[in-house]
Amino acid sequence: MLPSGRPQAASYVLIDAENVDWAVSNVVGRKPEPQDRVQFDRLVSFCESHFPTPVRCVVVLNARGEQLPDAMIGFVRALKSAGCEVALLHGRSDQKVVDLGILKLLETIRTQRPGAAVALASHDGADFAAALKPLLEEKRQVAILGLREHVSSRFRELTPLGLEIIDLELNAKVFQRPLPRMLPVRVDEFDPTLFL
């Protein structure tokens, strides 16, 4: 599943682009405009500064058939120019193609890339938390990249094992403009002058 003939990465960043887009849609309350979407070159740069290098970013996409739709060609080219690998998958209509692809990648990393760090850009703990747990038990560096208010409670349950939750906007700074988020603030950090 992982590209052959290349040196092994020290870190793998797996990106569920549809899931991240879903979270952004929930925040902005509509289909995201280009300025609302993740800037993948920024994401790659952040990952290269935060995780052991070399870092390989893999975006997993549902191609929805054997031929790539014209509407996706520009997006795939942009991902590649940002430094991402793109896994274009398709399957039966009853299959969660992206989730299955990410699970296969996680299993291959676990069994064939000993010690490699893993970051997953997704909010979907129902599908991925169980696959991340063995990596954490091996004491690997494992992180979730997402919008913290949408990160699954199943991922949060893994933080005692060392799972790091990294906010795509506040920590990784991968957006062109601020998202209109409604985030609770710790009372110790509360600035009352913002309300007076």
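Does K139 count as buried or exposed, and at what relative accessibility? At 72% relative accessibility, K139 counts as exposed, where exposed means over 50% relative accessible area, buried under 20% and partly exposed in between, with a 1.4 Å probe and protein chains only.

A word on the ground rules. This is a predicted model, so local features need pLDDT of at least 70 and side-chain atom pairs count only at pLDDT 80 or more, while totals for chains, interfaces and linings use all residues. Residues are numbered from 1 along each chain as its sequence is written, and side-chain values use heavy atoms, with hydrogens and water left out.

**The overall picture**

The protein has six helices and six strands, which run β-α-α-β-α-β-α-β-α-β-α-β from the N terminus on. These elements are DSSP runs numbered from the N terminus: helices are H or I with at least four residues, strands E with at least two. The radius of gyration is 17 Å, which agrees with the value near 16 Å for a compact globule of 196 residues; the figure is taken over C-alpha atoms, and the globule rule is 2.2 Å times the number of residues to the power 0.38. Along the principal axes, the C-alpha trace spans about 60 × 40 × 35 Å.

Of the 196 residues, 45% count as buried. If you look at contacts (heavy atoms within 4.5 Å), residues 24 or more positions apart account for 71% of those with a separation of 6 or more.

**Helix α2 and its cover**

Helix α2 covers residues 40–50, and its buried residues are F40, L43, V44, F46 and C47. Seen down the helix axis, they fall within an arc of 165°, so they line one face of α2; the arc is that of the directions from the helix axis to the C-beta atoms. An α-helix has 3.6 residues a turn, so residues three or four places apart point the same way. What sits over that set? The cover of the buried α2 residues includes strands β1 (11–16), β2 (55–62), β3 (84–89), β5 (142–146) and β6 (164–167), along with helix α3 (70–81).

Just past α2, the loop between α2 and β2 holds P54. The peptide bond from T53 to P54 is cis, with omega near 0°.

**Two positive phi values**

Neither residue in this table is a glycine.

| Residue | Loop | Phi | Relative accessibility |
|---|---|---|---|
| R64 | between β2 and α3 | near 60° | 59%, exposed |
| K139 | between α5 (125–137) and β5 | about 65° | 72%, exposed |

**Two buried residues**

N62 lies in strand β2 and is buried, with a relative accessible area of 15%. Its C-alpha atom is separated by 6.2 Å from that of V97, 35 residues apart along the chain. Leaving out residues up to four places away in sequence, N62 touches E18, M72, L89, H90, V97 and V98.

H123 is found in the loop between β4 (117–121) and α5. Which residues does H123 touch, not counting residues up to four places away in sequence? They are N19, V20, W22, A23, G146, L147, H150, V151, S152 and F155. At 4% relative accessibility, H123 counts as buried.
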